[in-house]
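User: Can you walk me through this model and, each time you use a label, tell me what earns it? I'd like the value next to the cut-off.

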Amino acid sequence: MLRWSRVRLYLSIITCEGLIATMRERVQFTPNTKRYRSPKPSSKAQKSAALTFEPPLWDYCGSLHVHSTYSDGAEPISGVAAAANEAGLDFVLMCDHSNLDAITDRQTGWSGSTLVIVGTEVTTDTGHLLAVDVEPDYLPSPHEAVAAQKHILDKGAIGFIALPCDLKDSWRDFSKHVDGIGLEVFNLSAIARTKINVLGFISIWRRYHSKHRMRAFHLVSARPDEELRLWDRMMRGENGQARKVVGIACVDAHGVMKFMGKTYYFPTYKEVFQTLRTHVLLPTPLRASDDAGADAQNVHNAIRRGHCYMAYDNFADSQGFRFHALSSDGSAAATIMGDAANISSGQGTFDLQAVTPKKKSFMRLLKNGEIVSSGPGNNLRYRCKGPGAYRVEAYLYKFRIGPLYFGVKPWIFSNPIYLAHSSN
Ligand SMILES: [Zn+2]
């Protein structure tokens with residue numbers, strides 16, 4: 001029987017849906033909302049925190065969900081690590097299919113300037129899951145989806161639903177989502193699949209064989225609309241309170257592609273590592289000691305807490321992006337993305353602030369999936385009162401005429417700050 005996902009894939013190929021979406025994304029309308037020109041820091045403590053981004057954080061970039069010859073990837077881990085070194089990655093997370101031999105074979109740790117950490121991708125009766133921060137005894141994993149997610153949590157690991165809205169192999173039943181399991185919001189392979197059509201293929205092929213080969217990847221570096229809508233929906237709790245769901249960006253890199261019975265070594269590991277990354281914010285720097293295990297734990301902790309953001313670094317280096325909340329009276333410590341703050345502490349209001357490292361960007365602040373503030377510039381401030389999950393999307397643009405932006409590129413997507421009313 002023909003599966004609906006297959007029908008969707010064929011329809012998207014025929015209608016060039018993905019390419020049209022990319023073209024549409026390049027022009028956007030964003031009015032300057034009043035609240036964007038927002039309150040100045042109201043206390044000395046808040047002012048200094050806003051300027052220095054206290055607490056100080058170390059920003060490291062990595063590629064997540066990478067396959068090696070331990071499953072269906074093209075290169076052994078040493079080859080993947082060499083590509084990660086060349087691409088300038090600080091860490092790489094291997095996720096071979098139901099395989100943790102890399103841990104027993106001692107393939108983890110520093111390889112040149114890249115930290116290799118190992119998780120796994122398991123297949124359930126509903127779709128794929130990533131399990132991170134695991135021990136070799138984690139496998140085998142149950143085949144039933146809910147049992148597999150509980151297995152992740154019971155083992156103290158970090159779990160993500162992978163390929164949630166993929167055209168080929170999506171997660172088929174979201175009633176089977178266990179609290180505490182995160183979401184692969186970006187999967188570069190799944191996004192690329194939406195761009196496969198005759199016109200899209202010709203454009204990508206032409207750019208790939210030109211002088212500026214990396215420009216081919218601009219066409220697949222798109223905002224995953226459906227996955228973001230899903231993520232916002234998953235975070236909607238009761239009475240406007242938000243549910244924490246950590247989001248990550250994954251490349252699902254194999255270094256090889258099979259098409260009509262032929263094997264192509266495209267795209268290379270290095271190319272995808274230069275495209276989409278997850279940045280983690282760490283309280284202490286990596287390589288502070290010789291203990292690679294402690295470094296891996298540092299990265300795992302940030303992923304577990306959602307102290308991370310997702311970025312298309314092929315458009316511009318996103319390092320330095322920050323998003324935090326400060327209580328308006330400066331009484332509480334800054335809350336960073338991934339964390340929750342109680343809006344009853346402080347005087348009931350929080351100032352959210354986001355800063356990008358590029359001036360020619362515009363930002364949108366979303367509360368429970370709805371845009372509440374937007375406008376140009378690399379510094380967004382917003383005073384908020386209500387509870388909810390607040391997250392930021394930053395875009396680059398070429399030029400603008402009033403509220404119309406041209407040459408828009410989706411760039412940075414933060415994890416949310418969860419503001420909640422206290423229950424007592
Ligand atoms: Zn995979």
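## Salt bridges

User: Why do D179 and R243 count as a salt bridge?

Analyst: The closest N and O atoms of D179 and R243 are 3.0 Å apart. That qualifies, because a salt bridge is a side-chain nitrogen of Lys or Arg within 4 Å of a carboxyl oxygen of Asp or Glu. Bear in mind that this is a predicted model, where local features need pLDDT of at least 70 and side-chain atom pairs count only at pLDDT 80 or more, while totals for chains, interfaces and linings use all residues. Residues are numbered from 1 along each chain as its sequence is written, and side-chain values use heavy atoms, with hydrogens and water left out.

User: What makes the D179 and R243 pair a link between distant parts of the chain?

Analyst: They sit 64 residues apart: D179 is in the loop between strand 7 and strand 8, and R243 is in the loop between helix 9 (225-235) and strand 9 (247-250). Those element names come from DSSP runs (H or I for helices, at least four residues; E for strands, at least two), numbered from the N terminus.

User: Are D179 and R243 buried, partly exposed or exposed?

Analyst: D179 has a relative accessible area of 49%, so it's partly exposed. R243 is partly exposed too, at 28%. The scale is simple: buried is under 20% relative accessible area, exposed is over 50%, and partly exposed is in between (1.4 Å probe, protein chains only).

User: How do you know that R193 and D166 pair up?

Analyst: Their side chains come to 2.9 Å, N to O, and meet in a salt bridge. R193 belongs to helix 7 (residues 188-193), whereas D166 lies in the loop between strand 7 (158-162) and strand 8 (182-187), 27 residues apart. Both R193 and D166 are buried.

User: What makes R391 and D232 a pair, and why is each called buried?

Analyst: The R391 and D232 side chains meet in a salt bridge at 2.9 Å, N to O. This one spans 159 residues, from D232 in helix 9 to R391 in strand 21 (residues 388-396). R391 has 1% relative accessibility, so it counts as buried, and D232 is buried at 8%. There's a network here as well: salt bridges that share partners join R223, D225, D232, R391 and E393. Overall, the structure holds 15 salt bridges.

User: Which residues of helix 9 are buried, and what covers them?

Analyst: The buried ones are E227, L228, L230, W231, D232, M234 and M235. Their cover includes strand 8, strand 9, strand 13 (308-312), strand 21, strand 24 (409-414) and strand 25 (417-420).

## Cavities

User: How many cavities of 30 Å³ or more are there, and what lines the second largest?

Analyst: The count comes to two. A cavity is a set of points on a 1 Å grid, over the protein atoms alone, where a 1.4 Å probe fits but cannot get out; lining residues have an atom within 4 Å of a point. Points are joined across faces, edges and corners, and the volume is the space filled by probe spheres set on them. The second largest cavity has about 30 Å³, and its lining is Y70, M94, D96, N99, A102, V118 and G119. Strand 3 (91-97) and strand 5 (114-123) each supply at least two of those residues.

## Backbone and confidence

User: What is notable about phi in H65 and S98?

Analyst: H65 has a positive phi, near 65°, without being a glycine. H65 is found in strand 2 (residues 58-66), and its 0% relative accessibility makes it buried. S98 is another non-glycine with positive phi, about 40°, found in the loop between strand 3 and helix 5 (101-104). With a relative accessible area of 46%, S98 is partly exposed.

User: Where are the cis peptide bonds before P140 and P267?

Analyst: The bond from L139 to P140 is cis, with omega near 5°, and P140 lies in the loop between strand 6 (128-132) and helix 6 (145-154). F266 and P267 are joined by a cis bond with omega about -15°; P267 is in the loop between strand 11 (262-264) and helix 10 (269-273).

User: What is the mean pLDDT of the chain, and where is the pLDDT below 50?

Analyst: The mean pLDDT (the predictor's confidence in each residue, from 0 to 100) is 88, and 90% of residues reach 70 or more. Over residues 34-42 it is below 50, and that stretch has 23 contacts (heavy atoms within 4.5 Å) beyond near neighbours in sequence. Residues 45-51 are also below 50, with 15 such contacts in the model.

Key:
On a 1 Å grid over the protein atoms alone, a cavity is a set of points where a 1.4 Å probe fits but cannot get out, and a pocket is an open set with protein on both sides within 12 Å along at least five of seven lines; lining residues have an atom within 4 Å of a point.
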